[in-house]
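Hi,

Here is the structure I promised to pass on. Have it open while you read, and my notes follow below.

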Amino acid sequence: MNQCGVHASSPIAPWAAQAFTGVAKWLCAPLLCCAIPSVVLGADDPLPVQEVAAGVFVHQGVHQDAMPGNYGAIANVGFIVGGECVAVIDTGGSFAQGKALRAAISRQTSLPVCYVINTHVHPDHVYGNAAFTADQAEFVGHHNLAASMRSRDGYYAAYLERTIGPDLARQSILVPPNVPVKEVHQLDLGERTLTIQAWPTSHTDNDLTVLDETTATLWTGDLVFRERIPSLDGKLSGWLSTMESLAGIPARLVVPGHGSVSTDWPAVMKPQQQYLQQLQADVRAALKAKRSIQQAMSEIGALNPSQWQLFDGSHRQNVTAAFTELEWED
């Protein structure tokens with residue numbers, strides 16, 4: 001049992017990883033699809049990852065809601081190997097996934113894990129943290145992340161038990177950051193620098209991005225969704241503003257929080273931007289017409305809803321969040 005009270009030997013039952021379609025070389029393809037075959041993991045198998053740039057490894061999460069069959073592995077996670085140590089970027093939706101990610105790192109390098117970076121608080125990005133406490137890594141997050149973890153701990157514990165099941169939930173605990181980032185912070189992995197940037201309230205109130213300066217690979221967390229519908233848990237106007245700032249980052253490769261890796265930066269944000277702008281316009285129109293929040297939820301559609309996976313599960317929640325925010329506009 002480690003210092004967080006989690007059994008390091010807890011087994012990982014078999015679960016299916018999503019198949020990725022297409023193979024593309026990241027330096028020449030306008031849209032990159034990681035070519036990771038669909039596999040079943042056994043108790044000690046590593047999480048399948050793809051090296052999308054030199055020393056940059058990504059596992060793409062499935063476009064599903066969290067459930068026992070996928071172990072909460074629905075978000076993109078991965079790691080970057082430097083000259084002296086490794087940085088993990090998001091750890092997954094359960095301790096089981098975090099353990100499989102740690103095994104994937106061991107398969108690629110014997111260097112120690114010195115940093116675990118969480119891009120924001122949502123369960124599919126942080127519940128693998130406990131698998132890295134034995135590494136004595138520093139946990140890095142937005143300066144609001146620890147408070148958000150504390151305030152949501154009970155709700156998230158119940159969410160895990162309901163979605164991935166009580167056994168997996170029992171193993172999975174929140175590990176808060178001990179390196180809070182307020183603006184910009186740099187990490188040295190040995191001949192490799194990561195630039196961590198905290199953002200104003202956008203997708204959540206604790207979003208940050210990670211830029212690998214060596215390969216110009218930008219990890220956006222859920223500030224960028226691809227294929228899966230964006231989910232608003234922060235401030236709509238802030239998210240739209242943040243995307244404008246993100247576009248100025250000179251990235252060559254982007255790893256979104258959900259969906260396939262892309263070299264088409266910043267154009268890859270366009271569908272999400274159009275969806276959020278349309279949401280903002282539609283909610284403002286509903287408010288001007290004195291529609292109730294219930295009417296807005298039932299009446300407001302979206303631009304090209306067929307392009308988004310899991311649309312029905314999140315769109316009405318987005319309308320509610322936007323309505324609550326925009327009704328207080330001057």
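Before I get to the helices, one term: I say that two residues are in contact when heavy atoms of theirs lie within 4.5 Å. Please also keep in mind that this is a predicted model.

Let me begin with helix α5, residues 236-246. Its buried residues are Leu-236, Gly-238, Trp-239, Leu-240, Thr-242, Met-243 and Leu-246. What covers them? The cover includes two strands, β10 (208-212) and β11 (217-225), and two helices, α6 (270-288) and α8 (311-326). As for the strands, α5 lies across β10 and β11 and runs at about 160° to β11.

The packing of α5 with α6 can be described further. Their axes come within 10 Å and cross at roughly 150°, and the crossing is left-handed. On the α5 side the contact is made by Leu-236, Ser-237, Trp-239, Leu-240 and Met-243. On the α6 side the residues are Gln-272, Gln-273, Leu-276, Gln-277, Leu-279 and Gln-280. Sorted by type, the residues of this contact come to six nonpolar, five polar and no charged. Leu-236, Trp-239, Leu-240 and Met-243 are thus on two lists, as buried residues of α5 and as part of the contact with α6.

Now the sheets. β10 and β11 belong to an open sheet of five strands, in the order β8-β9-β10-β11-β12, with mixed pairing. Which strands stand at the edges? They are β8 and β12 (253-258), and each has a single partner strand, so one side of each is left without a neighbour in the sheet. From one strand to the next the twist averages 25°.

Here is how some of those strands pair up:

- β8 (residues 184-188) and β9 (residues 193-198) are antiparallel, with five bridges. Gln-186 stands opposite Thr-195 in β9.
- The hairpin of β8 and β9 has four residues between the strands, and Gly-190 there takes a positive phi near 90°.
- β9 and β10 also run antiparallel, joined by five bridges. Ile-196 stands opposite Val-210, and Gln-197 has Thr-209 as its bridge partner.

A general point for when you look at neighbours such as these: in a regular strand the side chains alternate between the two faces of the sheet.

Two loop residues around this sheet are worth clicking on. Glu-183 is in the loop between β7 and β8. Buried or exposed? Glu-183 is exposed, with a relative accessible area of 60%. Leaving out residues up to four places away in sequence, Glu-183 touches Ile-196, Gln-197 and Ala-198. Glu-183 and Leu-208 are 25 residues apart in sequence, and their C-alpha atoms are 9.2 Å apart in space.

The other loop residue is Thr-204, which sits between β9 and β10. Thr-204 is buried, with a relative accessible area of 0%. Setting aside neighbours within four places in sequence, Thr-204 is in contact with His-120, His-122, Asp-233 and Gly-234.

There is a second open sheet to look at, this one with seven strands in the order β1-β2-β3-β4-β5-β6-β7 and again mixed in its pairing. β1 (50-53) and β7 (179-181) stand at the edges with a single partner strand each, so one side of each is left without a neighbour in the sheet. Neighbouring strands of this sheet are turned by 25° against each other on average, direction ignored. At one end of that order, β6 (residues 138-142) pairs with β7 in the parallel sense over three bridges, and His-142 stands opposite Val-181. Helix α1 (residues 95-108) lies across β2 (56-59), β3, β4 and β5, at about 30° to β3.

Last, the cysteines. How many disulfides are there? The count comes to one. The disulfide joins Cys-85 to Cys-114, with 2.0 Å from S to S, and with 60° about the S-S bond the link is right-handed. Cys-85 lies in the loop between β3 (77-81) and β4 (86-89) and Cys-114 in strand β5 (residues 113-117), so the pair ties together parts that are 29 residues apart in sequence. Buried means under 20% relative accessible area. Cys-85, at 8%, therefore counts as buried, and so does Cys-114, at 17%.

Have a look around and write back with whatever you want to discuss.

Cheers

Conventions. Residues are numbered from 1 along each chain as its sequence is written. This is a predicted model: local features need pLDDT of at least 70, side-chain atom pairs count only at pLDDT 80 or more; totals for chains, interfaces and linings use all residues. Side-chain values use heavy atoms; hydrogens and water are left out. A disulfide is a pair of cysteine sulfur atoms within 2.5 Å. Buried means under 20% relative accessible area, exposed over 50%, partly exposed in between (1.4 Å probe, protein chains only). Two strands pair if DSSP finds at least two bridges between them. Axes are lines fitted to C-alpha atoms, for helices over the stretch in contact, and angles run from 0 to 180 degrees between N-to-C directions. A crossing is left-handed if the near helix is turned anticlockwise from the far one by less than a right angle, and right-handed if clockwise. Ala, Val, Leu, Ile, Met, Phe, Trp, Tyr, Cys and Pro count as nonpolar, Asp, Glu, Lys and Arg as charged, and the others, Gly among them, as polar.
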